[in-house]
Every structure is written in C-alpha cells, then in structure tokens.
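Subject: Structure for you to look at

Hello,

Here is the structure I promised to hand over. Please open it first, then read my notes below.

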Amino acid sequence: MTLDSDSSKSALHDRESKDVVIEVKDLVVRFGDRTILDGINFKVHKGDTMIIMGGSGCGKSTLLRQLIGSTVPDSGEIRLYGFDITRMSEKELDPLRKRFGMLFQSGALLQSLTIGENISLPLLENSKVDPAIVDLIVKMKLELVGLTGFENLKPAEISGGMKKRVALARALALDPDLLFSDEPTAGLDPVMTAVVDKLTCDLTRKLGMTAVVVTHDMTSAFRIGTYMIMLGSGPHQGKIIAEGTPEEIKKNPDPMLRQFINGEADGPIPLKLSQDDYFKHLLGSG
Amino acid sequence: MNAYFRLNVEILFWLIIGPFQRQGPKVAEVFRQIVRIGVEGLPMSAMTALTVGLTLAMQASRKLTELGAGMYVPDMVSVSMMRELGPLMTSIIIIGRSGSAVTAELGTMRVSEEIEALRVMAIKPVKFLVVPRFIAMMIMGPLLTVFSNYFGLVGGWIVWKLIQGKGTAIYITRSLESATAGDLYSGLFKSAVFAWLVVTISCHVGLNVKGGAEGVGRATTRSVVLALVAVFISNATLTYLFF
C-alpha cells in the first residue's frame, strides 16, 4: 500500500468521524418531463468544503437550491443538521436559515440599498446586535473581502466582481457555521480568486465552518475542496458520476471526469444538450 | 386568487401581530415609500385634478346657464370632485405612476434573485417589501385625494372667476354648502379602498413575475389593467351602496 493511499484513507476516516451537517438521500428533481437530479446521495460533514462540479445544465445550481430549501424536490430527503427540510414549512425553515449563509451566483444584492445596508441587513433583521456594533461588523466584513470604504456606494456603482465580494461579506455577516456558494469565483481576477479561496480555507480549516461550493473553476476547487462530487450530463444526467477526496478525484480514471478536469473539447461529455436529431430538426418533421 | 388573498392576510398579520413580535415595519422605509408614492406624485395628481375641475366647470356652466341654473356650477364641481372624480382620478394617477413602478420594482427583484436572497436570509419579503409600500399607499391615497379635491375646486373657480367673471366669495360659499361631510368622507373611504386594491394587486403581480425582462414588462401591463378594472368595479359598487 502506498503512502498516498494511506493518507487518502486516513483523510476519509477523519472526515467520516465528524458530525454530519447535510445528508441527501435519493433526491429526485424533475422539471416537466426532464429529470434534473436522479437519485442523488451524499453527506457533508462538519468542517468539509464540499465541491459540487459538472458541466453546464447538469443540475448543480438546482441541487444547491434544494439544499437551501428554496424549492421542494419531487422525492427524497435532505437533512440539514438532522432536520428533513423537504417536509418543513417556511416558518420552520427560518431558524435553520439563520445558521447558514448563501452566496448567489449573481450576488443578488438589494439594488435599492447601499453596500453597507446590504451587509447589515441579516444582522439587523436576525440578530439583537446593537446598531453601533452593526456598523463595526459591516466594516470588518468589508475589510475581509478587500472593500474597505465602499459601504456608502450602491450595487449599481461597483463592478460585477466587487458585487460578488460584497455578497460574500453579506453571506458571512452572521458568522454562519455553514456557507453555500454558487460559483464564488466567477467574474473575479486570479488574485481575488486566490483571496476568496484563502478566506474559505481559513473559515473552514481554522474556524470549523462547513462550506458547499458549486464551481467550474478546477484550480479553485482543488485548492479549497476536502470532498468533491461530479454530476453527470447526457445519459448520466442528474447522477453523481464520481466522488471522493481531491486526491481520489485526481486519480479517478473516469473519462468524463478527466475531460472535465483537464478542460478538453473532445471526450465523452456531450456538447449538445438538445435531444432532437439535428437533421430531422433541420429538415422539419415532414 | 388564493395567493392574492394569502398576501392580504400576510400583510394584515405583519401590520397587526408584527409589532408585538418586535417585527414591525421600518419607519424610515415607510417614509421613503411615502415620498416616492405620495409626495412625488402630488404634482401629477394636482395637475390632473385642476384640468378636470376646469373642464367640468366649462361643460357645466354652458348647459346650466342655458337652463337658467348658472349659479349651481360650484355645487356641481364640489359634489362631483368629492364623491367621484377626486378619488377616481387620483387612483388612476396612482395606478399609472406608482402601482406600475411597484410591480416593475418587485418583478425585477424577483428575476434578479433578490427576493429569493431575502427568503434565504430568513427575511419575509412581504414584511420587508410589501408592508412599507402598503402603509405608504394607505396614507397617501386618501391624502392625495384631499389635494385633488382642492385642486379640482380651484379649477372650477378659475372658470367661475376668470371666464364668467363671478365672485370668489359666492363660489366658496356655494361649494361648501352643497357638499356635505358625508360626501367628503365617502370619497375618502373610496380612495382608501382603491389604495388597498392598487397596492395589493401591484405587489401580488410583482412578487409572482416569471421570466426575465419580458416577464417584468408583461407583469407591469397586467398589474395596471387589473388595478384599473378592480378600481372601476369597486367604484360602481361603492357608489351604489353610498348613494
């Protein structure tokens, strides 16, 4: 047995000995006739940085929306801190939602509020922190994402990458013990990507926060991930085609996974999402 | 329809129960909406009411003079503005100016995931977005109607004084004598009902927008049409009940 496989097994053992924060069982989501997620099973343990990856349209963001309780699946269970959120009402979900932060792909900042007001919103609405302290926390969170002094600007006055950083500061406002991120580094320059990755690593490895990250950015994924799952597309649509620690994923010979990680144009991942035959479509059904 | 009634119930819940749970509306946001919905809408409402008063007095003075009842022009302007035209014209202005803006704003927030972000932060969109707009509309609808009544009477006076050359004192006396407090209050009650319908329809349609920019455009048109129909039907119903 090699040293590598020993350390990989040891990492897996360490991971599984920790508390389960999220448990997904037989999750199925359909949009009309299309099956988006088909029998998804995985666990996220405390302190994990779980990476969800896969090609465009494979259901990554749909899976994330299920995990935060935004939509209800067709079948299956999602246990968050032991509670099955698929059977919970909005009112029952709220206490759980106060325990996690969510970074949306678009940032989803409230355009009518300033950056400072956006970050202070969860603090003022969901905590009993004194308003004077809230101002201090806003400044600290902005410093964390490198945007000190931007609190009085409106979201429309800053760039897309800066909006993403403000959204991250807002997601971290209540110091959540679980962070969901949808493409956290999309639109960021390489230096800022490294800063956000380092921040995620610091929060998870030093402070014990758990993170679930949907990303296409393989450099970032291998830098921050402690466990990875890849969703398939085409004939494997909605299924997990590979999972494991970053070391296991790097060694996995699955051709779809290799093509995705290496960013190759040729391979088994279907480029066409259309289910119609091209020539039939071109010439018409008649 | 069920979702519309649920929205009304939720608004009432946050208005009545919210303050006891330390979750009352933010005063600053209510004032911001009062300025946007009411104060900024005042010039448009005033101008519309002024022209309506002018037109009404011009039409009435010719016919009433032919019938030998020219002295009744102030009576007609006063009663018409307070009972019908003040509340109705103000509501139409509010629908076109503020109702459409509310739908477009909430619709854009919906398609840009801002409303989903609020839900995920355990912040109720109805409490945070709808209730301040509701309070602002319920205050400013009747208040704008009072201003409209006043500007309508000014419009009538312009015709009475400047075109017909009659006295201001008699215009004021006849206007005040002809309209009763009941006329004023029934008009204000109507304007409150219209404000309720306009803000709830605008918010309901805005919160349920589907699709992108096209969806927001379609929703805004739909909200204006629905609010107009609701106001016209309720106006006819209330007029039947009151008079």
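**The second largest pocket**

α4(A) gives the most to the lining of the second largest pocket: six residues. Keep in mind that this is a predicted model. The pocket holds about 610 Å³ of space. It is lined by 30 residues, and those closest to its centre are A:Leu113, A:Glu117, A:Ser120, A:Leu121 and A:Leu124. Both chains supply elements to this lining. Chain A gives two or more residues from each of α4 and α5 (131–144). Chain B does so from α2 (27–38), α4 (73–111) and α6 (125–163). By class, the lining has 13 nonpolar, six polar and eleven charged residues.

**The interface**

How many residues does each chain bring to the contact? Chain A brings 23 and chain B brings 17. About 1700 Å² is buried between chain A and chain B, and carbon and sulfur atoms give 54% of that area.

Now the polar side. Five salt bridges are counted between the two chains. One of them joins A:Arg65 and B:Glu116, with the closest N and O atoms 3.1 Å apart. Ten residue pairs are in polar contact across the interface, counting pairs with both residues at pLDDT 80 or more. On the side of chain A that touches chain B, the elements giving two or more residues are α3 (90–97), β6 (100–103) and α4 (115–126). That side has ten nonpolar, five polar and eight charged residues.

**The cavities**

The whole structure has two cavities of 30 Å³ or more.

The largest has a volume of about 150 Å³. Of its 15 lining residues, the closest to the centre are A:Phe100, A:Gly101, A:Met102, A:Ala171 and B:Met121. At least two lining residues each come from β6 and α6 (160–171) of chain A and from α5 (114–120) of chain B. β6(A) gives the most, with three residues. The lining divides into ten nonpolar, one polar and four charged residues.

The second largest cavity holds about 30 Å³. Which residues line the second largest cavity? They are A:Leu103, A:Lys164, A:Arg165, A:Leu168, A:Pro184, A:Leu188 and A:Val196. α6(A) supplies the largest share, three residues. By class, this lining has five nonpolar, no polar and two charged residues.

**Where to look again**

β6 of chain A turns up twice. It gives residues to the side that touches chain B, and it gives the most to the lining of the largest cavity. α4 of chain A also recurs, at that side of chain A and in the lining of the second largest pocket.

Best wishes

Key
Residues numbered from 1 in each chain as written. Chains lettered and ligands numbered in written order. Predicted model: local features only at pLDDT ≥ 70, side-chain atom pairs only at ≥ 80, totals over all residues. Heavy atoms only, no water. Contact = heavy atoms within 4.5 Å. Buried area = accessible area lost by both parts, 1.4 Å probe. Salt bridge = Lys/Arg side-chain N within 4 Å of Asp/Glu carboxyl O. Polar contact = N/O pair within 3.5 Å; in protein donor to acceptor, adjacent residues only side chain to side chain. Helix = DSSP H or I, 4+ residues; strand = E, 2+ residues; numbered from the N terminus. Nonpolar A, V, L, I, M, F, W, Y, C, P; charged D, E, K, R; others polar. 1 Å grid on protein atoms, 1.4 Å probe; cavity = no way out; pocket = protein on both sides within 12 Å on 5 of 7 lines; lining within 4 Å. Points joined across faces, edges and corners; volume = space filled by probe spheres on them.
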